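Thanks for coming, everyone. I'll put the sequence and the structure on the screen, and then we walk through a few places in turn.

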Amino acid sequence: MYQEYCEMKRPDKPVEIKAKNAQNYPTDPDNDYRVSDIQKHLKLRVLRSGAKKWEYDYIHRGSRRKHTMGDLNEITPTAARALVMGWETNRKKGLDPFTKAAKGISLTTEAEAYFNHRRIMPKTTKTGVKTGISPEEYKDRQRRFQRHFADDAIAQTPLLKLQLSEIKKWFSRLSAETPSEALHCLFLASHMTSIILEDNEELAGAIVNKFDAAISKDEKKLIKEAIEESRQKRPLTQPEFKALWQAAEEWPDKLEGLLVQFIMCLSIRGKHAGRLLKEDIQKKTLDGKDYFFIETTFKKTPDIVVLHKAAEDIYKKVLKLHQEKGWITEFLFPSQNWTGGKEQGLRTRGMNKDDIRRAFTGNSHGAKGIRGAAAAQQPSLLGITAKTSAEKAKYGVWKKKPVGIHDVRDTYATEAEDIFEAAAFLQNSSTEVTKKSYRQEKFSTKLQLATRKGKVLGDILG
């Protein structure tokens with residue numbers, strides 16, 4: 001009986017905590033208290049509620065810290081001691097106790113931690129403050145990691161062992177396939193490594209960011225310039241535009257057809273259209289008339305796009321389609337799941353660039369998409385190849401390149417009255433961006449400039 005009474009008492013000095021005895025530690029109705037184990041820095045916290053939780057109580061960089069390890073029912077005393085012994089080994093070396101063995105750290109092992117990082121994961125606090133990156137960018141990075149990293153040695157090789165030559169080969173391979181995607185992947189790998197080095201003192205003391213070191217700024221700059229130069233301006237002709245509109249009108253998948261028409265109406269980027277939420281389109285009444293408008297962010301720049309009559313008609317057709325299908329989704333153009341060639345319902349996201357590309361240009365199974373359907377009336381939509389040596393020397397591979405959904409924006413920029421209207425058409429914040437990437441000056445505009453120059457000269461000479 002005396003032994004049982006001792007086990008019921010609250011220990012007042014370090015003891016070898018045992019699971020059975022610890023279950024009998026009495027609760028204090030007024031305060032939590034802690035029992036110290038014979039393993040230094042390991043304590044069992046007895047809460048007023050009766051719950052018992054392990055704590056690691058330690059000092060690091062001059063400050064005392066407590067780390068809750070788990071419940072007594074989940075972690076045995078032996079396992080708790082083993083955990084603390086491991087953390088203490090790191091702490092005594094001057095490292096953060098929770099640092100992982102540097103030799104095993106790779107992009108793959110840290111992927112989950114990266115996507116849960118406070119600066120990465122999108123989150124809105126109770127007070128409405130948004131932290132992390134945008135939900136769209138977050139999803140893009142997740143998809144990019146799955147596509148280009150998850151099954152690749154570049155992500156599985158420990159960062160300590162990863163050679164600069166291996167990174168260069170990986171980047172060269174990606175650059176040869178899709179240069180723009182290669183730059184996105186390089187940024188992701190570099191950013192992941194930066195976060196890893198921030199959180200691991202041992203690794204940070206051993207290496208620099210190898211993804212920054214492997215590819216020079218000059219090389220990245222050259223690739224960016226090559227991408228810009230390779231993008232030929234391709235405004236659609238009037239017959240091409242009409243054929244594309246009609247093909248979208250007759251397209252079997254009504255949502256895909258309406259998406260293409262919506263983009264053609266407003267000249268917004270495809271990715272922005274795919275990400276639109278229903279709540280992004282608002283209504284305002286002026287002089288007794290209702291107007292619909294989009295208030296959202298285009299390339300980090302907040303802007304408003306008012307829907308003209310044709311765009312408003314397309315918008316209403318989309319809402320009617322949602323009603324007919326019984327879709328419950330926050331997205332205006334939700335991504336449809338056609339796994340196995342059968343409609344499996346909706347995905348929990350809007351259409352991304354892959355969805356839009358499949359709808360517009362077709363897939364790997366031979367389907368030609370909306371552009372292919374329109375090409376039956378206007379073959380030039382699929383491009384005109386240079387045939388003679390002289391043509392190839394003058395034009396390159398394409399005498400007239402295939403039209404892309406993005407080229408709808410070229411069409412609006414070309415038809416604009418001036419560079420300022422063109423920038424407004426495209427939701428660009430800078431006329432320089434518009435002129436460099438999209439605008440083709442019309443001959444009539446150049447003629448007007450020549451007339452003005454002649455007048456200035458006449459005025460000067462009298």
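Does Lys43 count as buried or exposed? Keep in mind that this is a predicted model. Lys43 has a relative accessibility of 19%. The cut-off for buried is under 20%, so Lys43 counts as buried.

Where does Lys43 sit? Its place is in strand β2. Its side chain has a polar partner: the side chain of Asp57, at 3.2 Å. Now the surroundings, leaving out neighbours within four places in sequence. Lys43 is in contact with Arg34, Val35 and Ser36. Lys53, Trp54, Glu55 and Asp57 are in contact with Lys43 too, and so is Arg64.

Now zoom out to the sheet. It is open, with four strands in the order β1-β2-β3-β4, and the pairing is antiparallel. Which strands stand at the edges? Those are β1, residues 33–36, and β4, residues 63–71. Each has a single partner strand, so one side of each is left without a neighbour in the sheet. On average, neighbouring strands are turned by 35 degrees against each other, direction ignored.

Take one pair from the middle. β2 covers residues 42–46 and β3 covers residues 52–60. Five bridges join them, in the antiparallel sense. To find your way on the screen, look for Leu42, which stands opposite Tyr56 in β3.

A helix lies over this sheet. Helix α3, residues 77–92, lies across β2, β3 and β4. Against β3, α3 runs at about 15 degrees.

For contrast with Lys43, go to the loop between β1 and β2. Ile38 lies there. Its relative accessibility is 52%, so Ile38 counts as exposed. The cut-off for that is over 50%. Not counting residues up to four places away in sequence, Ile38 touches Val15, Glu16 and Arg81. One distance for orientation: Ile38 and Lys66 are 28 residues apart in sequence, and their C-alpha atoms are 17 Å apart.

Next topic: the aromatics. How many aromatic pairs does a search of the whole structure find? Eleven. I'll show two.

The first example is Phe115 with Phe145. Their ring centres are 6.1 Å apart and their planes are at 75 degrees, so this pair is edge-to-face. Phe115 belongs to helix α4, residues 111–115, and Phe145 to helix α5, residues 135–148. The pair therefore ties together parts that are 30 residues apart in sequence. Both Phe115 and Phe145 are buried.

The other example is Phe149 with Trp170. This pair is tilted, with 5.5 Å centre to centre and 50 degrees between the planes. Phe149 lies in the loop between α5 and α6, and Trp170 in helix α7, residues 164–177, so the pair ties together parts that are 21 residues apart in sequence. Phe149 has 0% relative accessibility and counts as buried. Trp170, at 3%, counts as buried as well.

These four rings also belong to a cluster. Ring pairs link Phe115, Phe145, Phe149 and Trp170 with Tyr114, Tyr138 and Phe211.

On to helix packing. Phe145 shows up again here. α5 packs with helix α8, residues 179–199, at an angle of about 100 degrees, and the axes are 11 Å apart. That makes α5 roughly perpendicular to α8. On the α5 side, the contact uses Arg141, Arg144, Phe145, Arg147 and His148. On the α8 side, the residues include Glu181, His184, Phe187 and Met192.

A second helix pair: α12, residues 238–250, and α13, residues 254–266. They pack at about 150 degrees, with their axes 8 Å apart. How are α12 and α13 oriented to each other? They are roughly antiparallel. From α12 come Phe241, Leu244, Trp245, Ala248 and Glu249. They meet residues of α13, among them Gly257, Val260 and Met264.

Last stop: helix α19, residues 407–415. It is mostly covered, with seven of its nine residues buried. The buried ones include Asp407, Arg409 and Asp410. Thr414 lies in α19 as well. At 10% relative accessibility, Thr414 counts as buried. Where does its side chain reach? To the backbone oxygen of Asp410, at 2.8 Å.

That's my tour. Over to you for questions.

Key:
Residues are numbered from 1 along each chain as its sequence is written. This is a predicted model: local features need pLDDT of at least 70, side-chain atom pairs count only at pLDDT 80 or more; totals for chains, interfaces and linings use all residues. Side-chain values use heavy atoms; hydrogens and water are left out. Two strands pair if DSSP finds at least two bridges between them. Helices (H or I, at least four residues) and strands (E, at least two) are DSSP runs, numbered from the N terminus. Axes are lines fitted to C-alpha atoms, for helices over the stretch in contact, and angles run from 0 to 180 degrees between N-to-C directions. Contact means heavy atoms within 4.5 Å. Buried means under 20% relative accessible area, exposed over 50%, partly exposed in between (1.4 Å probe, protein chains only). A polar contact is a pair of N or O atoms within 3.5 Å; within protein, one must be able to donate a hydrogen and the other to accept it, and residues adjacent in sequence count only if both atoms are side-chain atoms. Rings of Phe, Tyr and Trp (its six-membered ring) pair if their centres lie within 6.5 Å; planes under 30 degrees apart count as stacked, over 60 as edge-to-face and the rest as tilted. Angles under 35 degrees count as roughly parallel, over 145 as roughly antiparallel, 65 to 115 as roughly perpendicular and the rest as oblique.
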